[in-house]
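Colleague: I would like a close look at a single part of this model, set against the rest of the chain. Please keep the answer plain.

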Amino acid sequence: MIDLRSDTLTEPTAEMREAIARAPVGDEQKREDPTVNELERRGAEFLGQEEAVFLPTATMANQIALQILSRPGDALLVERHAHIMLSELGGPAAHSGLLTIGLTGTQGRFSPDQVVSEIRDRDSVHVPPTRLVAVENTHNSAGGRAWPLDELDAIVATCREHDLAVHLDGARLVNAAVAVGADCARLGRGFDTVTLCFSKGLGCPLGALIAGSSQLMNEARRGKHYFGGAMRQAGIVAAAALYALDHHVDRIADDHARARRLAEGLAASGVNVDLDQVETNFVQIDVGPDRAGAIARMKEEGVLVSTTVHPTVVRAVTHLDVDDEDVETAVSAITAALTTRTAALRAR
C-alpha cells in the first residue's frame, strides 16, 4: 500500500533510530538534558530567533504562542481555513479566551488591508481589541501553498505599524523555505513567535519547537508546564530532531519534485489536478461529488489519500517514505481508480 494521506506517516529511518539510541539524556524539566539543550540552541538559530523551547507537538506550540502573545478577551486574526482555526479544537477560545476572526484567504494568504480592516478600537470597553495575527506557512488546507517573501514581509510590517503581535505557524516551514528559495531563519526572524513541527516533512516520530525572544520563551517554558508538555529524559526524542536538521532538510526538495511528477502524471492521464496549485509536497485532486467512493476505489488500487476542507477534493502528500517508483505506481493506480468510474458512468 502506498500511503499518501500525510507526511506525518513516516517512520524513523534506521539512522534516526541509531541517533535516538545513543542520545545523551538528563532531566529536561531542570534544563539538564544535553540533547534537548542542543536542539533548542540550534533550533533558535534555524528559525531566526533568540531562543527556542522543545515541545511534544506543534499544536501545543501554537497554543502556547497564542497565550503568551495575548490576554483573554483579545481578538486573533487568522485565515479561516488555517490549522489554528480548523484543527486545534477551538484552542484559542478554550485556552486563551480569544475571539478568533477568520479572514477569507486566497491560496491560504490574506492581505495587509484585510488585517487593517479588522483592527478594533482598543479604547472601547465594548469590543474585543485586535492584538494578534497568525500566519500559516505552508498552508495545509490551501494545498501546501507557500507565502511569497514580499507578502510575508508586508504582513509583518503591517503588524508592526499597528502594534499587533504576529505568530508564524511554521509546521511545514522547511517546505515553505524550499519553495521560495530562502532559509527558515529568513522566513521566521520577523515574527514574535515561530513554531516548527518535526513529525511532518522532517520525518521524526514527534516533537516541535516554539521560538522567539528570550523574554517570550521564558513565558513559553511556563506554558509548557501549564499545557502538560514538560518531559524528563526527552533527549531520546530531541535526538531525532537533531538528526533531521542534519539530514532531512535538504532532501525536502525531493518530496516537492515527486509531488510535481505525481501531479503532472495524473494531469496527463486526464485526472482533474490543477498544476498551478502544486508548490510543495501536496497534490490536490478533484474527484467530484462521490469523494468517499473515490477514496475507496483508490484504496482498492493500493493508494491511500485523505480528505480536505473542500468537499470534492482529496489530497496526496509525498514524504520521506515515498520513492520514485511509488510515484509512478500511484499515477497508474489513481488514474485507474478514477477513470474507470468515469467511463462506467458515461456508459450508462
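Which class of accessibility does Leu-89 count in, buried or exposed, and at what relative accessibility? Please describe its surroundings as well.

Modeller: This is a predicted model, and what follows applies to that model. Leu-89 counts as exposed, because its relative accessibility is 86% and the cut-off for that class is over 50%. Leu-89 sits in the loop that runs between helix 4 (83-86) and helix 5 (91-96). Its backbone carries a positive phi of about 55°, although the residue is not a glycine.

Arg-31 can be described in the same terms. Arg-31 is not a glycine either, and has a positive phi of about 65°. This residue belongs to the loop between helix 1 (14-21) and helix 2 (34-46). Arg-31 counts as partly exposed, because its relative accessibility is 44%.

Another backbone feature is the peptide bond joining Asn-137 and Thr-138, which is cis, with omega about 0°. Thr-138 is part of the loop between strand 5 (130-136) and helix 7 (149-161). Asn-137 is also one of the residues touched by Leu-173, once residues up to four places away in sequence are set aside. The others that Leu-173 touches on that count are Leu-47, Leu-168, Cys-184, Leu-187, Val-194 and Leu-196.

Leu-173 leads on to the interior. The largest nonpolar core has 52 residues, and those touching the most other members are Leu-39, Leu-47, Phe-54, Leu-173 and Phe-198. Helix 11 (residues 235-247) gives this core its largest share, with 8 residues. Another core, of 26 residues, lies apart from it and includes Val-287, Val-305, Ala-337 and Leu-338.

As for the whole protein, 14 helices and 12 strands make up its secondary structure. The radius of gyration is 21 Å, close to the 20 Å given by the globule rule for 348 residues, so the protein is as compact as a globular protein of that length. Along the principal axes, the C-alpha atoms fill a box of roughly 65 × 55 × 35 Å. Of the 348 residues, 55% are buried. Among contacts with a separation of 6 or more, 74% are between residues 24 or more positions apart.

On the outside, the protein exposes about 14,600 Å², of which carbon and sulfur atoms supply 48%. There are 34 positive and 49 negative side chains, and the centres of these two sets lie 4 Å apart.

How values were computed
Residues are numbered from 1 along each chain as its sequence is written. This is a predicted model: local features need pLDDT of at least 70, side-chain atom pairs count only at pLDDT 80 or more; totals for chains, interfaces and linings use all residues. Side-chain values use heavy atoms; hydrogens and water are left out. Helices (H or I, at least four residues) and strands (E, at least two) are DSSP runs, numbered from the N terminus. The radius of gyration is taken over C-alpha atoms; the globule rule is 2.2 Å times the number of residues to the power 0.38. Buried means under 20% relative accessible area, exposed over 50%, partly exposed in between (1.4 Å probe, protein chains only). Contact means heavy atoms within 4.5 Å. Accessible areas come from the Shrake-Rupley method with a 1.4 Å probe; for residues, only the protein chains shown count as cover. Lys and Arg count as positive and Asp and Glu as negative; His and the chain ends are not counted. The place of a charge is taken as NZ of Lys, CZ of Arg, CG of Asp or CD of Glu. A nonpolar core is a set of buried Ala, Val, Leu, Ile, Met, Phe, Trp, Tyr and Cys residues joined through side-chain atoms within 4.5 Å.
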